[in-house]
Amino acid sequence: MTTKKSTDRVIEMLNLVYTAEIGAIGIYMDQHARMDDQGLKKFAERLKEDAVEEMGHAEHLMERILYVGGAMKYEKHEVPRVDMEDVATIIKVNIDLEVRAIDRLNQGIRMCYEDNDNGSRLLMESILKDEERHLDEYETLQENLEKFGDNFIVNHLI
Ligand SMILES: [Fe+2]
Ligand SMILES: [Fe+2]
């Protein structure tokens with residue numbers, strides 16, 4: 001047990017972000033398997049790549065939580081309340097998930113400033129940049145799907 005280097009509320013926030021990352025890994029891998037099963041190999045691969053990236057985030061958060069003297073909490077993460085059987089639904093679920101992740105991280109970053117915890121802040125900032133890129137990618141997919149419909153799926157996601 002190391003000495004405590006972060007405030008309790010920052011450790012709690014690191015755990016909230018960590019729990020959401022674990023949730024995102026599960027959700028993206030679930031989607032990966034479904035899309036792979038439907039033969040949408042390219043889309044399935046993208047989803048798996050995102051899951052792997054979220055796993056990297058989870059790993060860095062675990063390292064940080066232990067470094068600052070906290071403990072990982074395995075809290076229940078959210079599960080989407082829709083059937084994720086088609087591309088449009090999956091994209092919508094993921095946009096929602098990334099928007100909430102960005103909001104959570106921005107709150108965390110503000111808290112880190114207030115508590116003078118720049119190590120935790122830098123970690124949250126680097127994760128934030130990745131989630132903003134994920135959101136941008138899913139929004140572009142959504143726009144293309146709306147514009148080109150099934151043609152887009154056939155030409156780019158299979
Ligand atoms: Fe993430
Ligand atoms: Fe993400």
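## Helix packing exercises

**Exercise 1.** Leaving out residues up to four places away in sequence, find which residues Phe 43 touches.

*Solution.* Start at Phe 43 in this predicted model. Skip its sequence neighbours up to four places away, and you're left with Met 35, Val 87 and Leu 157.

**Exercise 2.** Now zoom out: work out which elements give two or more residues to the largest nonpolar core.

*Solution.* First, get to know the core: it has 31 residues, and Phe 43 joins Leu 14 and Val 17 as those with the most contacts inside it. Next, sort by element: α1 (8-37), α2 (41-67), α3 (87-114) and α4 (118-148) each give two or more residues. Finally, look for the largest share: that's α1, with 11 residues.

**Exercise 3.** Decide whether α2 and α4 run roughly parallel or antiparallel.

*Solution.* Step one: the two helices pack at an angle of about 170°, and their axes are 11 Å apart. Step two: angles over 145 degrees count as roughly antiparallel, so α2 is roughly antiparallel to α4. Step three, see who's touching: α2 brings Asp 50, Glu 53, His 57, His 60 and Arg 64, while α4 brings Ser 120, Leu 123, Ile 127, Asp 130 and His 134. Sorted by class, that contact has two nonpolar, four polar and four charged residues.

**Exercise 4.** Compare the reach of α1 with its expected span, then check what Gly 39 does just after the helix.

*Solution.* Take the 30 residues of α1: at 1.5 Å a residue you'd expect 44 Å. From first C-alpha to last, α1 reaches 44 Å, close to that expected value. Just past the helix end, Gly 39 takes a positive phi of about 85°.

Methods: Residues are numbered from 1 along each chain as its sequence is written. Chains are lettered from A and ligands numbered from 1 in the order in which they are written. This is a predicted model: local features need pLDDT of at least 70, side-chain atom pairs count only at pLDDT 80 or more; totals for chains, interfaces and linings use all residues. A nonpolar core is a set of buried Ala, Val, Leu, Ile, Met, Phe, Trp, Tyr and Cys residues joined through C-beta atoms within 7 Å. A residue is buried if 20 or more other C-beta atoms lie within 10 Å of its own, exposed if 12 or fewer, and partly exposed in between; C-beta atoms are placed from the backbone. Helices (H or I, at least four residues) and strands (E, at least two) are DSSP runs, numbered from the N terminus. Two residues are in contact if their C-beta atoms, placed from the backbone, lie within 7 Å. Axes are lines fitted to C-alpha atoms, for helices over the stretch in contact, and angles run from 0 to 180 degrees between N-to-C directions. Angles under 35 degrees count as roughly parallel, over 145 as roughly antiparallel, 65 to 115 as roughly perpendicular and the rest as oblique. Ala, Val, Leu, Ile, Met, Phe, Trp, Tyr, Cys and Pro count as nonpolar, Asp, Glu, Lys and Arg as charged, and the others, Gly among them, as polar. The expected span of a helix is 1.5 Å times one less than its number of residues.
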